[in-house]
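Hello,

Here is the structure I promised to pass on, with my notes underneath. Have a look at it first, and then read on for what turned up.

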Number of protein chains: 2
Amino acid sequence: MENMNIKKLAKELNLSVSTVSKALHDSYEIKAETKEKVLALAKQLNYQPNPFASSLRRNSSKTIAVVIPEIAHNFFSLVINGIESIAEELKYHVLIYITHEIPEKEEQIIRHLLNGRVDGILISSSGSSNNNAHYHELVQKGIPFVFFDRANFDIDAPRVTTDDYQAGFQATEHLIKSQCKHFAFLSLSSQMSAINHRKDGFLAALKQYQIQPDHIHIIEAGTDETLSFQIIRDSLQPLPESMGIFSSVEKLAIQTYHICKEINIRIPKQLKIISFSNLPTAALLNPALSTLTQPAFSIGKEAALLLFQSIKNKGKIQPITTLPNVVLKSTLFIRESTKI
Amino acid sequence: MENMNIKKLAKELNLSVSTVSKALHDSYEIKAETKEKVLALAKQLNYQPNPFASSLRRNSSKTIAVVIPEIAHNFFSLVINGIESIAEELKYHVLIYITHEIPEKEEQIIRHLLNGRVDGILISSSGSSNNNAHYHELVQKGIPFVFFDRANFDIDAPRVTTDDYQAGFQATEHLIKSQCKHFAFLSLSSQMSAINHRKDGFLAALKQYQIQPDHIHIIEAGTDETLSFQIIRDSLQPLPESMGIFSSVEKLAIQTYHICKEINIRIPKQLKIISFSNLPTAALLNPALSTLTQPAFSIGKEAALLLFQSIKNKGKIQPITTLPNVVLKSTLFIRESTKI
DNA sequence: GAAGAGTACGAAAACGATTTCGTAATTAAA
DNA sequence: TTTAATTACGAAATCGTTTTCGTACTCTTC
């Protein structure tokens, strides 16, 4: 009585195990009457198939993994929401793995997932581009995966990203038109694709408007919180005249706000700042933060859709087509933090 | 070559499958030399045991589920971080399920998990207290679970909560001492344990300070965004004199900020507000938001620890002891939004 | 009415691990 | 030297499904 299984169900019905299994899967081999009986008793006895037996036999787990640098982050939470919306619909399960921005951790996670625990993986890379071995192993094992936001462009895998270059250009242009004289790009690391594209857009805009190179500052704050605070603080003392900051990630913009409060820098008077961000409170900050906002939910949805398509096509001959490379648009919200 | 398994490994080593399995599990039956050989070849051929075969046989999945109302929420993200920190250490996998605050969805998820896919479940309930059947089924099936933050107090399961009553009292007392005359409690629903405890603390404080009943407002905003905006807006027009709002959740406080901005209510001059919140930008808002902040990461950690303890003790005779009921303290941060 | 097709089911072999039980070979004890 | 115990391994059952293959039986069709 403890656990219902197909064998007990079959015995109860005076049918064979195979017949019951087929009936439960609505096989054409089984006549309607029998199916009904089986379904009825299964429901009555609350039978639920053992997922591991099923996965073992079918060699598919109905599970995907999401590998992200961090979760306490509006962007990634929203992406997960998008992913979940699709997974839920397709009755897939979602495993979450957090790398804490540590490339080795990511490697370890991906390597573990080679064992077949999941049917596919959604990755926002924490790694530097010089370590791709684990991705290649995924390819070799035939495990579908899709990059989102932070992709590795050396790997042939579907990608869902945003128009980072254009957005970077646009944000910087906005700073220039807001009469900034000095320009700083706040970056986590120079190893992340999305962030580098933002930087390229930043530099391109400055070049187009012929900003002198010594008015251009690249600040690599890194992923350690205490350290990045220090680095940002140092780079704002002394404060260059008419400073305009383009922060590539929300976290660094928030840190900058804290620092400005601490050392009495007035935004937007002395310093203007715009940031990539999905903060729901951006408009409520003091001053309201100008943002480039990524369609995080859609990114999650699109990435999941690509992954499930990939899973579905697995084994079949792939048409020789270009790799899916979805690029979504970010939206510029101009607020007080960049007011003239 | 495609997929390594224990059979191929055994053949390669001229050993039996059982010997290899035992060697891999460091069984005393196998001599050191053999173990070394097995380990070496396993590593070389990159052998990884099939998790489903293993789970099927051992009847344990090394996986837990986290069932939460929503994920794009600072509190829950931080909790997940805490959970992950423990799960990662114990080499457990974490499945995420989102109920979107829909009790039926939660039921459906929990019912699905009765099939043994996970070894245990961490739940922050979305349900009303009048539907407990699915929890009882978990108990009956012997699947360990732990409530966090939003518990169901009718169910005998370990809980990790915060001192909601005291915090509610404290927050309200603070509003009273900030010379508010009217008091409003902003609630999602009257069915959630944690929120009701906060309300009880709110009411108790008002009673102790002999606030007239007609100066006390309970606003149930619900979980629908558009609707809750409307409800809050309506309750602020006309604005009672010296209004003090205690928001039971972050989201409603943010909505209130937006509404105040929209209809030109000055915080803290015309309206003071304090909220439960884990917003990293609380101090940067205009004005800075006074908060009660829950130790979200610790809640996740403690809940996970309780769950793993529960999983470990499963099957063993439980000592007749009181149920684990961890209560953590929230911290009050007084900021400008409640300034006199 | 014989051959072929279709229907509805069952027996048994997978899937890949773990675990129980049995047993040769060696060592220790009597 | 015999017996008992220990060591180190292997055969086979098992976990609960799914799926292949086989086969009675009925129904057409000529």
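Leaving aside its neighbours within four places in sequence, which residues is Ser77(A) in contact with? Please bear in mind while reading that this is a predicted model.

**Ser77(A) and its partners**

The contacts of Ser77(A) beyond its sequence neighbours are Ile71(A) in its own chain, and Ile71(B), Ala72(B) and Ser77(B) in chain B. With Ser77(B) there is also a polar contact, side chain to side chain, at 3.1 Å. Ser77(A) sits in helix H5 of chain A. Its relative accessibility is 1%, and because buried means under 20%, Ser77(A) counts as buried. For a sense of distance along the chain, Asp26(A) is 51 residues away from Ser77(A) in sequence and 38 Å away in space, C-alpha to C-alpha.

**DNA strand C**

There are 27 residues around DNA strand C, and those that come nearest are Thr19(A), Lys22(A), Glu29(A), Ile6(B) and Arg57(B). Of the strand C atoms that come within 4 Å of the protein, 57% belong to sugar and phosphate.

Some individual atom pairs from chain A may interest you:

- Lys22(A) has a polar side-chain atom 2.4 Å from a base oxygen of strand C.
- Arg57(A) places a side-chain N or O atom 2.9 Å from a base nitrogen of strand C.
- Lys31(A) uses its backbone instead, with an N or O atom 3.2 Å from a phosphate oxygen of strand C.

Both protein chains take part in this surface: H2 and H4 of chain A, and helix H2 (17-24) and helix H4 (51-58) of chain B, each supply at least two residues. H4(B) has the largest share, with five residues. By class, the surface near strand C has nine nonpolar, eleven polar and seven charged residues.

**DNA strand D**

Around DNA strand D there are 27 residues, with Arg57(A), Thr19(B), Lys22(B), Glu29(B) and Arg57(B) coming nearest. Sugar and phosphate make up 57% of the strand D atoms that come within 4 Å of the protein.

Here are some atom pairs from chain B:

- Thr19(B) has a polar side-chain atom 2.3 Å from a phosphate oxygen of strand D.
- Glu29(B) brings a side-chain N or O atom to 2.5 Å from a base nitrogen of strand D.
- Arg57(B) has a polar side-chain atom 2.7 Å from a base oxygen of strand D.

H2 and H4 of chain A and H2 and H4 of chain B each give at least two residues to the surface near strand D. That surface divides into eight nonpolar, twelve polar and seven charged residues.

**The second largest pocket**

How much space lies in the second largest pocket? The volume comes to about 1,500 Å³. Its lining has 39 residues, and Gln48(A), Pro49(A), His112(B), Asn115(B) and Arg117(B) lie nearest the centre. From chain A, helices H2 (17-24), H3 (32-44), H4 (51-58) and H5 (74-89) and strand E2 (93-98) each supply at least two lining residues, as do strand E2 (93-98) and helix H6 (103-113) of chain B. H4(A) gives the most, with six residues. The lining is made up of 15 nonpolar, 14 polar and ten charged residues.

**Three more buried residues**

Glu137(A) lies in helix H7 of chain A. Is Glu137(A) buried or exposed? With 19% relative accessibility, Glu137(A) counts as buried, since the cut-off is under 20%. Beyond residues up to four places away in sequence, Glu137(A) touches Arg111(A), Leu114(A) and, in chain B, Asn46(B). Glu137(A) and Arg111(A) are 26 residues apart in sequence, with 7.9 Å between their C-alpha atoms.

Asn132(A) is in the loop between strand E3 (120-123) and helix H7 (133-141) of chain A. Asn132(A) counts as buried at 13% relative accessibility. Its contacts, sequence neighbours within four places aside, are Asn152(A), Asp154(A) and Ile155(A).

Asp149(B) belongs to the loop between strand E4 (145-148) and strand E5 (159-162) of chain B. Asp149(B) is buried too, with a relative accessible area of 6%. Leaving out neighbours within four places in sequence, its contacts include Phe75(B), Ser124(B), Thr161(B), Arg198(B) and Gln294(B).

Best wishes

Methods: Residues numbered from 1 in each chain as written. Chains lettered and ligands numbered in written order. Predicted model: local features only at pLDDT ≥ 70, side-chain atom pairs only at ≥ 80, totals over all residues. Heavy atoms only, no water. 1 Å grid on protein atoms, 1.4 Å probe; cavity = no way out; pocket = protein on both sides within 12 Å on 5 of 7 lines; lining within 4 Å. Points joined across faces, edges and corners; volume = space filled by probe spheres on them. Helix = DSSP H or I, 4+ residues; strand = E, 2+ residues; numbered from the N terminus. Nonpolar A, V, L, I, M, F, W, Y, C, P; charged D, E, K, R; others polar. Near = heavy atom within 4 Å. Polar contact = N/O pair within 3.5 Å; in protein donor to acceptor, adjacent residues only side chain to side chain. Buried < 20%, exposed > 50% of the residue type's maximum accessible area, 1.4 Å probe, protein only. Contact = heavy atoms within 4.5 Å.
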